[in-house]
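Got your viewer open? Let's take a walk through this protein, one selection at a time.

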Amino acid sequence: MTQSPHPSTASDNKALAETASSSATAKKKVLVVGATGFLGAKILRNLAHDTNVAVVAMSRKGAPSNESADVEWVRGDMMDPASLDRALQGVDVVVSSANSYMKGSLDTDFQGNKNLIEAAARANVGRFVFLSIVSCEAASAVPHFHAKKVAEDLIKASGVPYVFVRAPTFLDQSSDIIAKGVKAGRFLALGDKTTRWSYVLTDDLASYLAKAATFLGSEMNNQTIDVGWRDGPKSQQEIADLVSEVIKKRLKVRVVPWLVFRLLARPVKLFSELGYDLIQMFLFFKKGVYVSNISQQEHFFGPAPTSRDAITRWAKSQQLIS
C-alpha cells in the first residue's frame, strides 16, 4: 500500500510560498539620487551587496549601458517635481548625493533639493539620507556649502526622518588631481602648508551613506554625522609627507598662497560661477573650522580609518603602489 501524502503538505507548501513572497516584498526599497555620479556609483555598489535591499537608481536618462542586474533604474529629474513623484513611489529610503555645482550651476543644489525634499514628504519616505558638508552652517560665503545648509533646514522642516552625513574634503576626486601631481613627483598645496582640515576617502563615504540607508531601527533618525579620520584633520604638508612615506617617493610641495585666491575672487566671479565658488571654498579652509567631529561616525559606523590607512588604500586604487 502506498502511503498517502501528509495531509498538511499542501498547506505547508502554500505557507512557504507566502513566506517567500512576503520576504521578497519586505525588502527595503532604497532610491539613490545622484546615482550616475562618481560617488553615487559607489553607493549603488555598496547597497547592491545587501540582500535585504531593493536598490533603485534615479537618472534623467534611465539605465546606463553598463547597468547592473541588481539595480532598478527609474527616470527622474530633480528640476521636474512630477518625475520625482513617479520615482519615489513605494520608496522607503532616499539617499541623495546629487549636486550640480561642478557643472557650473547651482540649480540642483538649491531648487532641485527643494523639489526632492517636498516629493519625499509627499511620498511619506521613512528616512532621507542626505550628503551634506562639514561646518556648512559657518560657510554662507561658499555657495555650494550654503546650499547644503539650506537643504538641511528644509529637510528638518519637512518632518521626514533624516540622517545628514557631513563630509569634509574628498581625498580622491573623479579626475583625481592629487594622483596626477603625485605621479609627476609633486604635491600642490592650497594657501599654506600648515592649516589643517579634514578629509575622507570616497570609498569610505559611500559605505557610510549605504549604512545610513540600511540602519535598522530609529536610533539614527534625525542625526547629523560628521565623517573623517581617526587621527583628525591634516595639513597639506602632512598629507604630502604621508603620501611620500606610502609610495616611498619624496614629493615636492608647491604652494599657491591665500593671497592669490583673494585677488582672483572678484574678477573670476564675473565670468565663472563655479570658479568663484571654488575660490570661496579654499578661502573658507583657511579659517581652520573645516574639521570633522567623528564621535557619531564611530558610534554608528564603527572605527574611523586612520589617515595612513586611507592614503594607502587610495594609493593602491591609483596604482601608485602595488
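Which helix does Lys42 lie in? Select residues 38–48 and you have the answer: that stretch is helix α2, and Lys42 sits in it. Keep in mind as you click around that this is a predicted model.

Is Lys42 buried or exposed? With a relative accessible area of 11%, Lys42 counts as buried, because the cut-off for that is under 20%. To see what lies around Lys42, leave out residues up to four places away in sequence and show the ones it touches: Asp172, Thr202, Asp203 and Ala206.

**Zoom out**

Now colour by secondary structure. You should find twelve helices and eleven strands in the protein. Of its 322 residues, 48% are buried. The accessible surface comes to about 15900 Å², and 53% of that belongs to carbon and sulfur atoms. If you draw the contacts with a separation of 6 or more, 77% of them join residues 24 or more positions apart.

**The sheet**

Next, pick out the seven strands that form an open sheet. Their order across the sheet is β3-β2-β1-β4-β5-β6-β10, with parallel pairing. The edges are β3 (71–75) and β10 (223–226), each of which pairs on one side only. Going from one strand to the next, the twist averages 20°.

Stay with the sheet and select helix α7, residues 202–214. This helix packs on the sheet, where it touches β1 (28–33), β2 (53–59), β4 (93–96), β5 (127–133) and β6. Compare directions in your viewer: that of α7 makes about 155° with that of β5.

**Strand β6 and its partners**

Select residues 162–167 to get β6. What does β6 pair with over four bridges? That partner is β10, in the parallel sense; look for Arg166 standing opposite Asp226 in β10. β5 also pairs with β6 in the parallel sense, over six bridges, and there Leu131 stands opposite Val165 in β6.

Turn on the side chains of β6. In a regular strand, side chains alternate between the two faces of the sheet. Here, Tyr162, Phe164 and Arg166 point one way, while Val163, Val165 and Ala167 point the other way. How many of the six residues of β6 are buried? Six of the six are, leaving this strand mostly covered.

**Two crossing helices**

Move on to helix α5 (residues 143–158) and helix α10 (residues 273–285). Their axes come within 8 Å and cross at roughly 80°, which means α5 is roughly perpendicular to α10. Show the side chains where they meet: Pro143, His144 and Phe145 on the α5 side, and Asp277, Met281, Phe284 and Phe285 on the α10 side. Sorted by class, the residues in this contact are five nonpolar, one polar and one charged.

**Last stop**

Finish with residues 236–247, which make up helix α8, and find Glu245 in it. Glu245 is partly exposed, with a relative accessible area of 41%. Then select Arg308 as well and put a distance line between the C-alpha atoms of Glu245 and Arg308: the two are 63 residues apart in sequence and 9.2 Å apart in space.

Conventions:
Residues are numbered from 1 along each chain as its sequence is written. This is a predicted model: local features need pLDDT of at least 70, side-chain atom pairs count only at pLDDT 80 or more; totals for chains, interfaces and linings use all residues. Side-chain values use heavy atoms; hydrogens and water are left out. Buried means under 20% relative accessible area, exposed over 50%, partly exposed in between (1.4 Å probe, protein chains only). Two strands pair if DSSP finds at least two bridges between them. Axes are lines fitted to C-alpha atoms, for helices over the stretch in contact, and angles run from 0 to 180 degrees between N-to-C directions. Contact means heavy atoms within 4.5 Å. Accessible areas come from the Shrake-Rupley method with a 1.4 Å probe; for residues, only the protein chains shown count as cover. Angles under 35 degrees count as roughly parallel, over 145 as roughly antiparallel, 65 to 115 as roughly perpendicular and the rest as oblique. Ala, Val, Leu, Ile, Met, Phe, Trp, Tyr, Cys and Pro count as nonpolar, Asp, Glu, Lys and Arg as charged, and the others, Gly among them, as polar.
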